[in-house]
Amino acid sequence: MASTEPSPEIRQNNFEQGVAITLHLWPALTLAVQNNWGDGDAADKRDWLAGVIVDMFPSFIDLAKKPTTTTTATSTSATPAATKSQSAAAAAVPEEPELEEIETTLLQVMLDEFDVNVDDDTGFETAEQVMRVRAQCAKGNFEEVNKLRTRWEAGKGKKIVMQQAADPDQDTDWESADEDDEDGDSDIDMDEAPALAKAPKEKEEPEVDEDGFTKVSRKKR
């Protein structure tokens, strides 16, 4: 018996979860949320950013409703009103964004909403992860999303610590520190995204550049 293809709803749900978990696994964003950088409500802003990234892509549900171009008698005999309605529906579906657009959006939101200038490669790597999740979900393959869930589960109860080098020309490393996570919840959806870590009791002192933005220095590759 042939396997059943996942429905557009299942693909969309997995894609949204994949984006949410990807952002929770981004160390720069996690650090910003832990320290509540920006104007406050950092956790809510992270959830909002997940929605922004998801909305940059056409919904799999909308794509399933998009009419296909055929030359059958049925399609050629369609009324002008029906044809116009189909054209309008097709035009309403956004195009797939490029990798650079995703990276630019991530970095711009970090700067605008969290006052963090991410100048390492993690913004690009996060955008790449989003694109991988998208490509697999489009094929009905959720292997990448499942891997992200496993990574997030393994990281619950840890916080991100930015280790500042004594020499400003040296790189900054990310480290994880274990914390008790009494409120951890393994259920993941876009309305209540997974909590990767609790906020630390004391705010880390970030490095601030001459323009007043918090700087996340480049890691060694």
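Me: A polar contact is a pair of N or O atoms within 3.5 Å, and within protein one must be able to donate a hydrogen and the other to accept it, while residues adjacent in sequence count only if both atoms are side-chain atoms. With which side chain does that of glutamate 5 make a polar contact?

Reply: This is a predicted model, in which local features need pLDDT of at least 70 and side-chain atom pairs count only at pLDDT 80 or more, whereas totals for chains, interfaces and linings use all residues. Residues are numbered from 1 along each chain as its sequence is written, and side-chain values use heavy atoms, with hydrogens and water left out. Glutamate 5 touches Arg11 and Lys139, leaving aside residues up to four places away in sequence, where contact means heavy atoms within 4.5 Å. Of polar contacts between side chains, glutamate 5 makes one, at 3.0 Å, with arginine 11.

Me: Is glutamate 5 buried or exposed?

Reply: Glutamate 5 lies in the segment before α1 (8-24), and its C-alpha is 6.7 Å from that of glycine 140, although the two are 135 residues apart in sequence. Its relative accessible area is 53%, and with a 1.4 Å probe and protein chains only, under 20% counts as buried, over 50% as exposed and the range in between as partly exposed. Glutamate 5 is therefore exposed.

Me: How many aromatic pairs are there, and what geometry does the pair of phenylalanine 15 and phenylalanine 57 have?

Reply: Rings of Phe, Tyr and Trp (its six-membered ring) pair if their centres lie within 6.5 Å, and planes under 30 degrees apart are stacked, over 60 edge-to-face and the rest tilted. By this rule there are two aromatic pairs. Since the ring centres of phenylalanine 15 and phenylalanine 57 are 5.2 Å apart and their planes stand at 75°, this pair is edge-to-face.

Me: Which parts does the pair of phenylalanine 15 and phenylalanine 57 tie together?

Reply: Phenylalanine 15 is buried at a relative accessible area of 0%, and phenylalanine 57 is buried at 4%. The pair ties together parts 42 residues apart in sequence, because its members lie in helix α1 and in the loop between α3 (42-55) and α4 (60-65).

Me: Which residues do ring pairs link into a cluster?

Reply: Phenylalanine 15 also forms an edge-to-face pair with phenylalanine 60, with 6.2 Å between centres and 80° between planes. Because phenylalanine 15 lies in helix α1 and phenylalanine 60 in helix α4, this pair ties together parts 45 residues apart in sequence. Phenylalanine 60 is buried, with a relative accessible area of 8%. The cluster linked by ring pairs consists of Phe15, Phe57 and Phe60.

Me: What arc around the axis do the buried residues of α9 cover?

Reply: Helices (H or I, at least four residues) and strands (E, at least two) are DSSP runs, numbered from the N terminus. In α9, Glu144, Val145, Leu148, Trp152 and Gly155 are buried. These residues are on the same side of α9, whereas Thr150 and Ala154 on the other side are exposed. The arc, taken from the directions from the helix axis to the C-beta atoms, is only 100°.

Me: Within what arc do the buried residues of α7 fall, seen down its axis?

Reply: In α7, Leu99, Ile102, Thr105, Leu106, Val109, Met110 and Phe114 are buried. Their cover includes α1, α2 (27-34), α3, β1 (116-118) and α8 (122-138). They line one face of the helix, because they fall within an arc of 130°.

Me: Which residue takes a positive phi just after α7, and of about what value?

Reply: Helix α7 comprises residues 99-114. Just after it, aspartate 115 has a positive phi, of about 60°.

Conventions. The expected span of a helix is 1.5 Å times one less than its number of residues.
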